[in-house]
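Thanks for coming. I will talk through one structure today, starting with a term we need and then going through pockets, sheets and loops. Please have the model open while I speak.

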Amino acid sequence: VRQTIKKDDSRKLEVNPEPYIRFLLEEPNPYMTGQKLQEKLASQLVLNNNAFALIIRDEFGYPTEIYPIPAVSAEAIYDKKYTLYLKFMFANGKIYTFPYADIIHLRQDFNNNDIFGDPIAPALAPLMEIVTTTDQGIVKAIKNGGIIRWLLKFTSTMRPEDLKDRATDFATNFLSIENSGTGVAATDAKAEAQQIDPKDYVPNATQMDKTTQRIYSLFNTNQKIVQSDYDENGWNAYYEAEVEP
């Protein structure tokens with residue numbers, strides 16, 4: 001952005017007055033368009049409250065390419081002249097350090113740290129733990145559907161193989177869905193059939209919905225936005241609160 005002040009004190013604001021800047025923003029590097037670069041940086045910003053891009057310059061100091069920096073961690077360091085650098089660690093374990101002057105740094109929730117936005121992970125991790133635990137509970141409850149439902153108590157001592165045979169006969173005769181019997185089970189005095197009712201805790205839908213709403217609120221969004229079920233008023237409110245700033 002360039003601001004020009006004329007002789008009559010009038011001001012003129014020009015956006016990307018240099019043609020090469022416009023071309024650079026349209027094609028920031030050989031692998032992505034300007035829109036894709038913005039989408040990647042926006043995703044990093046939402047997930048980490050920080051997004052970084054590296055400016056590649058020519059021998060005259062003019063920017064020629066822009067690359068997003070998909071780092072897993074970033075550290076601010078200073079040299080002896082108090083020049084700020086950012087030290088990045090990537091997913092493959094490699095570490096690179098770049099001058100802060102060559103970094104495009106987007107940040108939000110800028111509060112506790114002098115350089116970086118506050119990470120969202122400490123607030124998000126407990127909610128994701130609830131979701132994971134809930135999912136595991138549902139899976140466990142489904143698996144427990146195949147556990148023992150009936151217990152046969154015999155009054156006399158029997159061999160293990162006889163116990164297994166009697167249990168198999170009971171299941172075949174009275175519990176199999178293929179059995180077309182009368183629906184009435186009968187036992188003699190030698191055995192007593194006792195039904196076992198397993199107690200599996202599965203969170204109800206209201207509890208699960210509240211957890212989901214808390215995650216939506218953390219990202220300042222809602223179900224209608226995520227599922228593209230919004231109306232004009234809903235989209236305008238979301239755009240003005242989250243996208244436009």
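First, the term. A pocket here is an open set of points on a 1 Å grid, with protein on both sides within 12 Å along at least five of seven lines, and a lining residue has an atom within 4 Å of a point. One thing to keep in mind throughout: this is a predicted model.

With that term in hand, take the second largest pocket. Its volume is about 360 Å³. Which residues lie nearest its centre? They are N48, N50, F52, V72 and A74, out of 18 residues that line this pocket. Two or more lining residues come from each of α2, β3 and β5, the last of these being residues 71-78. The biggest contribution is from β5, which gives four residues. Sorted by class, the lining has eleven nonpolar residues, six polar ones and one charged.

Now the largest pocket. Its volume is about 730 Å³. There are 24 lining residues, and those closest to the centre are Q38, L41, A42, L45 and L106. Which element gives the most to this lining? That is α2, with nine residues. At least two lining residues are supplied by each of α2, β8 and α7, where α7 is residues 232-243. By class, the count is 16 nonpolar, five polar and three charged. The lining also draws on two domains: at least three residues come from domain 1, residues 2-107, and at least three from domain 2, which is 120-141 + 202-243.

So much for the pockets; several of those elements belong to sheets. There is an open sheet of three strands in the order β4-β3-β8, and the pairing is antiparallel. At the edges are β4, residues 63-68, and β8, residues 103-107, each of which pairs on one side only. From one strand to the next, the twist averages 20°. Helix α2, residues 34-48, packs on this sheet and touches β3, β4 and β8. The direction of α2 makes about 145° with that of β3. To recap that helix, α2 packs on the sheet and also gives nine residues to the lining of the largest pocket.

Looking at one pair within that sheet, how many bridges join β3 and β8? Strand β3, residues 50-57, pairs with β8 over five bridges, in the antiparallel sense. If you want a place to look on screen, A53 stands opposite I104 in β8.

On to another sheet. This one is also open, with three strands in the order β5-β6-β7 and antiparallel pairing. Its edge strands are β5 and β7, the latter being residues 95-99, and each pairs on one side only. The twist here averages 25° from one strand to the next.

Inside this sheet, β5 pairs with β6, residues 84-90, in the antiparallel sense over seven bridges. Two positions show the register. A74 stands opposite F88 in β6, and I77 has Y85 as its bridge partner in β6. A74 came up earlier, as one of the residues nearest the centre of the second largest pocket. The two strands β5 and β6 form a hairpin, with five residues between them. In that turn, Y82 has a positive phi of about 60°.

That leaves the loops. Where is D109? It is in the loop between β8 and α3, where α3 is residues 121-143. D109 has a positive phi of about 50°, although it is not a glycine. N220 is in the loop between α5, residues 205-218, and α6, residues 223-226. N220 is not a glycine either, and its phi is positive at about 55°.

That is the end of the tour.

Notes
Residues are numbered from 1 along each chain as its sequence is written. This is a predicted model: local features need pLDDT of at least 70, side-chain atom pairs count only at pLDDT 80 or more; totals for chains, interfaces and linings use all residues. Side-chain values use heavy atoms; hydrogens and water are left out. Two strands pair if DSSP finds at least two bridges between them. Axes are lines fitted to C-alpha atoms, for helices over the stretch in contact, and angles run from 0 to 180 degrees between N-to-C directions. Contact means heavy atoms within 4.5 Å. On a 1 Å grid over the protein atoms alone, a cavity is a set of points where a 1.4 Å probe fits but cannot get out, and a pocket is an open set with protein on both sides within 12 Å along at least five of seven lines; lining residues have an atom within 4 Å of a point. Grid points are joined across faces, edges and corners, and a volume is the space filled by probe spheres set on the points. Ala, Val, Leu, Ile, Met, Phe, Trp, Tyr, Cys and Pro count as nonpolar, Asp, Glu, Lys and Arg as charged, and the others, Gly among them, as polar. Domain bounds come from an automatic or database domain assignment.
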